[in-house]
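Me: Please take a close look at one residue in this model. Start with the whole protein, then go down to the single site.

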Amino acid sequence: MVTPPPIKLKDMAPRLTTIKGKTIYIVNDGYPGSGILLGELTAVMKEKYPETTWVYKDKPGGMGSEDEALWKEMGQKADAMIIALGH
């Protein structure tokens, strides 16, 4: 039996004090049917919080892949992210 390497713990990002004036990405990892739910979520959030910029993105590589272009874009533009991961 092989022992996996130790997990490197990282602190969580600090919570936003407000979402007003912020840009929040809603990211879909491609799980079947999740695009419908997240499209609706994005529409509701835009209606409920119009002072916040909501950006819906499909993660091109799915859950198990690195998507450097998307992470770079969010690193430059996003204040927060909501990502939906399939079961």
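Reply: The accessible surface of the protein comes to about 7000 Å². Carbon and sulfur atoms hold 59% of that surface. This is a predicted model, so every value here is computed from predicted coordinates.

Next, the burial. Of the 87 residues in the protein, 24% are buried. The radius of gyration is 15 Å, where a compact globule of 87 residues would have a value near 12 Å. Along the principal axes, the C-alpha atoms fill a box of roughly 55 × 30 × 20 Å.

Now the fold. The protein has two helices and three strands. Read from the N terminus, their order is β-α-β-α-β. Take the contacts with a separation of 6 or more: 69% of them join residues 24 or more positions apart.

Charges come next. The protein carries 11 positive and 11 negative charges. The mean positions of the two sets are 6 Å apart.

The single site is Thr52. Thr52 sits in the loop between helix H1 (34-48) and strand E2 (53-58). Is this loop residue buried or exposed? Thr52 has a relative accessible area of 5%. The cut-off for buried is under 20%, so Thr52 counts as buried.

What does Thr52 touch, leaving out residues up to four places away in sequence? The partners are Ile19, Lys20, Gly21, Lys22 and Ile24. Ile19 also appears in a polar pairing: a polar atom of the Thr52 side chain lies 2.7 Å from the backbone oxygen of Ile19. To sum up the site, Thr52 is a buried residue in a loop, with its side chain beside the backbone oxygen of Ile19 at 2.7 Å.

Note on methods: Residues numbered from 1 in each chain as written. Predicted model: local features only at pLDDT ≥ 70, side-chain atom pairs only at ≥ 80, totals over all residues. Heavy atoms only, no water. Helix = DSSP H or I, 4+ residues; strand = E, 2+ residues; numbered from the N terminus. Rg over C-alpha atoms; globule rule 2.2 N^0.38 Å. Buried < 20%, exposed > 50% of the residue type's maximum accessible area, 1.4 Å probe, protein only. Contact = heavy atoms within 4.5 Å. Areas by Shrake-Rupley, 256 points an atom, 1.4 Å probe, with all protein chains shown as cover. Lys, Arg positive; Asp, Glu negative; His and termini not counted. Charge placed at Lys NZ, Arg CZ, Asp CG, Glu CD. Polar contact = N/O pair within 3.5 Å; in protein donor to acceptor, adjacent residues only side chain to side chain.
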